[in-house]
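Please look over the model shown here. The report walks through its fold and packing.

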Amino acid sequence: MVNATTGPRHPTITVPHVGEMAEGQLRGHLCVWCGQGLRPDASVDLGPRIGEDDHRWYPRSCPACAVPQLHGQLVEHTGSCEQCADEPRLCTVWESLQSALREGRRIIARARTDRS
Ligand SMILES: [Zn+2]
Ligand SMILES: [Zn+2]
């Protein structure tokens, strides 16, 4: 479930519960899903959140976790959303998930290019 969800960008992406987070994950230094260290230029912003104690926190993800996680959430969402059945581009949830997913794929594609 999505609990505290405020913030201008991607507020509708489901992330693990804040109680299970390490300090670095709350600060956006570590991936919220796998706990791996993140490079700021190669991580996906999942949108700032306000926690139960009014603490702002900044979930970020490595692209390797972001792509399957966001894709799964997108499939699940579109299967149950009336707005998406009608016109997904008008759905803010769809838009948030799509843009974060695009970001993850872009980082992966760029990493491949850098290596070759
Ligand atoms: Zn990860
Ligand atoms: Zn929708």
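What follows goes from the overall fold to a helix pair and then to single residues.

## Overall fold

This is a predicted model. The chain has 116 residues, and 26% of them count as buried. Its secondary structure comprises 4 helices and 4 strands. Read from the N terminus, the order of elements is α-β-β-β-β-α-α-α. Contacts between residues at least 6 apart in sequence were also sorted by separation: 59% of them join residues at least 24 apart.

## The α2 and α4 pair

Two packed helices are described by the angle between their axes and the distance between the axes. Here the pair is helix α2, residues 63-80, and helix α4, residues 92-115. Their axes come within 9 Å and cross at roughly 155°. Angles over 145 degrees count as roughly antiparallel, so α2 is roughly antiparallel to α4. The crossing of α2 and α4 is left-handed.

Which residues of α2 and α4 meet? From α2 come P63, A66, V67, L70, H71, Q73, L74, H77 and T78. From α4 come V93, W94, L97, Q98, A100, L101, G104, R105, I107 and I108. By type, the residues of this contact divide into 12 nonpolar, 6 polar and 1 charged.

Both helices have spans that fit their lengths. α4 has 24 residues and reaches 35 Å from first C-alpha to last, close to the 34 Å expected at 1.5 Å a residue. α2 has 18 residues, and its end C-alpha atoms are 26 Å apart, which agrees with the 26 Å it should span.

Next come the buried faces. In α2, the buried residues are P63, A66, V67, Q69, L70 and L74. They pack against β1, β4 (60-61) and α4. In α4, the buried residues are V93, S96, L97, A100, L101, E103, G104 and I107. Those pack against β1 (44-45) and α2. An α-helix has 3.6 residues a turn, so residues three or four places apart point the same way.

## Single residues

Four positions show the local packing. The table pairs each with a residue elsewhere in the chain.

| Residue | Partner | Separation in sequence | C-alpha to C-alpha distance |
|---|---|---|---|
| I13 | V93 | 80 residues | 7.5 Å |
| V67 | V44 | 23 residues | 9.5 Å |
| P48 | G28 | 20 residues | 9.5 Å |
| C81 | C91 | 10 residues | 8.8 Å |

**I13.** Where does I13 lie? Its place is in the segment before α1 (23-26). I13 has 27 C-beta neighbours inside 10 Å, so it counts as buried. Leaving aside neighbours within four places in sequence, I13 is in contact with L46, G47, L70, Q73, S96, L97 and A100. Among these, L70 and Q73 also belong to the α2 side of the contact with α4, and L97 and A100 belong to the α4 side. S96, L97 and A100 are listed among the buried residues of α4.

**V67.** This residue lies in helix α2. Is V67 buried or exposed? V67 is buried, with 20 other C-beta atoms within 10 Å. A residue is buried at 20 or more such atoms. Beyond its neighbours within four places in sequence, V67 is in contact with L101, G104, R105 and I108. These four residues are in α4, on its side of the contact with α2.

**P48.** The loop between β1 and β2 (49-50) holds P48. P48 has 17 C-beta neighbours inside 10 Å, so it counts as partly exposed.

**C81.** This residue lies in the loop between α2 and α3 (82-86). C81 is partly exposed, with 14 other C-beta atoms within 10 Å. What does C81 touch, apart from residues up to four places away in sequence? C81 touches C91 and V93. V93 is one of the buried residues of α4. V93 also takes part in the contact of α4 with α2, and its C-alpha atom is 7.5 Å from that of I13.

How values were computed:
Residues are numbered from 1 along each chain as its sequence is written. Chains are lettered from A and ligands numbered from 1 in the order in which they are written. This is a predicted model: local features need pLDDT of at least 70, side-chain atom pairs count only at pLDDT 80 or more; totals for chains, interfaces and linings use all residues. Helices (H or I, at least four residues) and strands (E, at least two) are DSSP runs, numbered from the N terminus. A residue is buried if 20 or more other C-beta atoms lie within 10 Å of its own, exposed if 12 or fewer, and partly exposed in between; C-beta atoms are placed from the backbone. Two residues are in contact if their C-beta atoms, placed from the backbone, lie within 7 Å. Axes are lines fitted to C-alpha atoms, for helices over the stretch in contact, and angles run from 0 to 180 degrees between N-to-C directions. Angles under 35 degrees count as roughly parallel, over 145 as roughly antiparallel, 65 to 115 as roughly perpendicular and the rest as oblique. A crossing is left-handed if the near helix is turned anticlockwise from the far one by less than a right angle, and right-handed if clockwise. Ala, Val, Leu, Ile, Met, Phe, Trp, Tyr, Cys and Pro count as nonpolar, Asp, Glu, Lys and Arg as charged, and the others, Gly among them, as polar. The expected span of a helix is 1.5 Å times one less than its number of residues.
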